[in-house]
Amino acid sequence: MKNSFLRELKKRPLIFDGATGTMLQKLGLKPGGCPDELNITNPEMIKEVHKGYINAGSDVVTTATFGANKIKLKEYNLEGKLGEINLKAAKNAREAVGRDNFVAGGLGPTGKFLEPIGDLTFDEAAGIFSEQINALKEGGVDLIIIETMMDIREMKAAIIAAKASGLPVAATMTFDETMRTVLGTPPQVFAIVAEGLGCDAIGANCSLGIEGIYRAVEAMSKVTTLPLIAQPNAGIPYLKDGKTIFPAMPEEMAAYVPKLLDAGVRIIGGCCGTTPEHIKEMGSRVKGQGSRVERPEIKSTRLASRSGYISFGGTQPPIIVGERINPTGKSLLQQEIKEKKTSIIRKEAKSQQDAGAHILDVNVGVPGADEPASMPMAVFAVNENCQLPIVLDSSSAESLEAGLKAVDGKVLINSVSGEEKKLKIVLPLAKKYGAAVLGLALDDKGIPPTAEGRLCIAEAILKRAMKYGLNKSDIVIDCLALTVSADQKSAQETLKAIRMIKEKLGLSTILGVSNISFGLPNREIINANFLTMAIAAGLDAAIINPHNSQMMDAYHAALVLTGHDLRAERYIKKYRGQGARGKGQEETKKEEAKTIDERLKKAIIDGDEEGIVALVEEALKQGWEPLKISNDALIPGLEEVGRLFGQNIYFLPQVMLSADTMKRAFDRLKKELKGKKGESLGKVLMATVEGDIHDIGKNIVSTLLENHGFEIIDLGKNVPADKIIEEAIKNKVDVVGLSALMTTTVMEMDNILKKLKTKGVPVLTMVGGAVVNQEFADKIGANGYAKDALEAVEKMKRLIKKDMV
């Protein structure tokens with residue numbers, strides 16, 4: 001059915017189903033129950049939901065297996081029935097819809113973060129998804145749909161597992177009103193990554209109503225030509241008389257259908273709160289629409305980090321590739337890599353981003369070091385400390401694969417060449433992990449002396465890459481700069497090769513510029529002038545040191561002179577108010593010399609886990625008291641992290657890294673306190689309410705509260721009301737913090753607050769979670785509500801301070 005589904009999708013827009021959970025609740029699913037288990041305990045209820053959507057006009061129904069992976073099923077002691085549940089789910093769907101409609105095997109997130117934020121490895125995640133996918137495939141699904149993902153790396157693991165099945169793959173992520181996932185990924189990044197991995201259709205689902213979903217898919221349409229998916233909630237839910245109400249009417253959602261189709265949407269369905277009535281109304285607007293305006297091919301090369309992306313090549317301005325994360329000739333970096341440390345890498349990532357680099361080359365090849373182990377450490381360090389995409393630079397296939405698993409976004413592999421051995425090793429890796437490749441214009445015979453010879457090799461690399469299924473836009477050719485001190489004609493041949501590859505093959509080009517001046521004095525003069533000439537010839541990416549002012553001056557001037565800097569706006573912004581030269585090295589070094597409290601604060605902001613303990617030691621040697629270190633340096637650092645988070649400069653991974661750094665500092669300070677406890681801001685009991693097995697958000701809040709000086713008693717997830725009350729009384733807590741993610745469990749908060757009041761327990765209460773808002777908190781009488789972890793910290797401080805007055 002693979003070709004059948006994809007053929008049908010190419011012919012016309014397809015209608016998927018709506019919310020399965022919403023319908024199961026209407027049919028009697030108990031709050032806190034496992035909907036996936038109904039596939040084997042009450043298959044007729046599942047079939048009734050599927051039939052309802054088919055009768056409403058759905059072309060595709062999704063199996064009731066959103067939480068049927070090993071980790072989620074373990075919460076219900078059902079992990080041993082994973083195969084049975086998924087197999088039966090596929091068969092239930094097929095029996096309900098027959099052979100004239102399609103069945104999508106549904107996957108949801110594991111509920112755990114991947115390392116380094118969490119403890120789940122990439123391979124473990126891929127294995128978990130593979131186990132579920134294999135059972136769904138055995139049950140006869142026509143395609144796999146991955147839904148409601150928040151972590152781009154978890155999504156990558158799921159897509160790779162799904163592609164291995166040979167079935168068509170659709171994938172959706174969930175975004176908030178800021179058009180970011182919880183971990184900071186915007187729709188464009190997801191689209192770039194998913195397209196590279198070979199998804200057949202991508203889009204957005206859940207969290208937002210149809211207006212928000214439209215914004216998300218419209219953003220995706222700017223960077224991909226893949227068919228798009230729109231599966232909105234029926235509006236933003238609210239609670240009325242103890243019931244969850246989704247406000248969007250079928251007609252209201254259907255009115256958006258033409259706009260969705262114009263944006264490139266080919267699959268329309270629904271998420272939470274949508275019913276067969278919504279699907280029927282939206283489907284009626286789709287019929288007869290046919291194909292919309294053909295979206296133009298995107299010729300530029302697109303790379304991405306977790307939170308940002310870059311396009312170059314085609315008509316885009318040339319970009320800078322920062323070359324500083326490379327141990328060649330850098331003894332301190334070599335030593336650090338051998339010791340499995342990343343302090344220099346973190347600093348280089350941040351400083352090169354600040355200096356104007358657009359992507360960063362990462363090379364950790366050191367003789368005697370374990371490169372396959374060092375590569376993911378370096379990738380994590382770069383991911384956590386800047387928003388730039390990565391170039392993975394290694395000649396080791398094992399190291400490249402380790403880096404490809406570790407990276408959050410879409411990378412450029414440095415490199416492949418026309419050499420047969422390299423083509424066979426690198427191109428399959430690029431295809432599997434959705435990477436672009438840097439192709440060196442050399443082959444088994446070496447580097448051709450002429451531009452024509454390099455063009456032939458570039459063409460051969462392109463043909464082989466496309467044979468493996470890579471997109472043309474993902475091939476970037478390095479025409480190779482050879483030293484002019486040996487052959488002055490070589491510079492002109494390189495420039496000629498750039499022009500020919502751009503004109504005849506339409507490929508993006510890249511160049512390691514500094515090779516041109518090897519063996520000559522004052523190399524920067526040659527390098528800067530050659531960079532300008534290369535940009536004029538059509539160079540798309542220059543590998544240089546972004547800290548070198550001569551090179552950066554040449555780059556910005558070249559953008560103006562070649563028409564890539566409209567109205568010289570970038571040039572004026574950079575150089576306005578400067579004299580003939582920028583700051584000198586001495587001034588820069590002087591700025592870097594900071595007092596110990598400033599350095600401690602910066603270490604927290606930067607998430608410098610490796611260096612924080614040494615800085616605490618230094619402060620103690622200078623005579624600082626432990627509480628002074630905490631109050632005057634560490635806490636202000638964490639407060640600055642909160643400010644950056646609020647401005648969408650930092651995202652959850654950076655927040656958690658700073659929290660872990662804070663914990664290391666506190667662990668060292670505790671030794672100085674010799675068993676004495678520092679002044680606590682208050683005692684807080686945290687729990688996810690009964691029936692709810694989601695605790696990621698609650699755990700983050702607990703970590704940050706502890707770092708800010710609160711004493712935390714964490715009862716975990718699925719905690720009964722009586723247990724919460726018992727522990728609150730026993731521990732004499734100041735605040736009870738409650739979390740709920742599901743509309744079916746949120747009213748348990750009301751139950752707990754009523755019981756606390758009835759028993760006269762003198763505590764403050766704070767609530768939070770995806771389905772909770774200020775209106776609900778006010779209605780049930782909670783003292784506070786927080787929309788995220790950092791807001792929880794600030795509001796908790798205010799609550800306790802107010803209570804003490």
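**Reasoning from values to terms in a predicted model**

Colleague: Why is His547 called partly exposed?

Modeller: In this predicted model, His547 has a relative accessible area of 39%, and because buried means under 20% and exposed over 50%, with partly exposed in between, the term for His547 is partly exposed. His547 is placed in the loop between strand S20 (541–544) and helix H22 (549–561), and, leaving aside its neighbours within four places in sequence, His547 is in contact with Arg324, Glu348, Ser351, Gln352 and Ala355.

Colleague: What makes Arg324 and Glu348 a salt bridge?

Modeller: The side chains of Arg324 and Glu348 meet at 3.3 Å, N to O, and since a side-chain nitrogen of Lys or Arg within 4 Å of a carboxyl oxygen of Asp or Glu is the criterion, the pair is a salt bridge. The pair links distant parts of the chain, with Arg324 in strand S13 (residues 319–325) and Glu348 in helix H15 (residues 343–355), 24 residues apart.

Colleague: Are these two partners, Arg324 and Glu348, buried or partly exposed?

Modeller: Arg324 has 26% relative accessibility and therefore counts as partly exposed, whereas Glu348, at 13%, counts as buried, the limit for buried being under 20%.

Colleague: Why is the pair of Phe5 and Phe102 called edge-to-face?

Modeller: The ring centres of Phe5 and Phe102 are 5.4 Å apart and their planes stand at 85 degrees; because rings pair if their centres lie within 6.5 Å, and planes over 60 degrees apart count as edge-to-face, the pair is edge-to-face. Phe5 belongs to helix H1 (residues 2–11) and Phe102 to strand S3 (residues 102–107), 97 residues apart, so the pair links distant parts of the chain. Both rings belong to buried residues, with Phe5 at 2% relative accessibility and Phe102 at 8%.

Colleague: Why, then, is the pair of Tyr214 and Tyr256 called tilted?

Modeller: The centres of these two rings, Tyr214 and Tyr256, are 6.0 Å apart, with planes at 55 degrees, and because planes under 30 degrees apart count as stacked and over 60 as edge-to-face, with the rest tilted, the pair of Tyr214 and Tyr256 is tilted.

Colleague: How do you know that the charged end of Lys259 sits over the ring of Tyr214?

Modeller: The charged end of Lys259 is 4.5 Å from the centre of the Tyr214 ring, which satisfies the distance part of the criterion, within 6 Å, while the other part asks for a position within 35 degrees of the ring normal; Lys259 is accordingly listed as sitting over the ring of Tyr214.

Conventions:
Residues are numbered from 1 along each chain as its sequence is written. This is a predicted model: local features need pLDDT of at least 70, side-chain atom pairs count only at pLDDT 80 or more; totals for chains, interfaces and linings use all residues. Side-chain values use heavy atoms; hydrogens and water are left out. Helices (H or I, at least four residues) and strands (E, at least two) are DSSP runs, numbered from the N terminus. Buried means under 20% relative accessible area, exposed over 50%, partly exposed in between (1.4 Å probe, protein chains only). Contact means heavy atoms within 4.5 Å.
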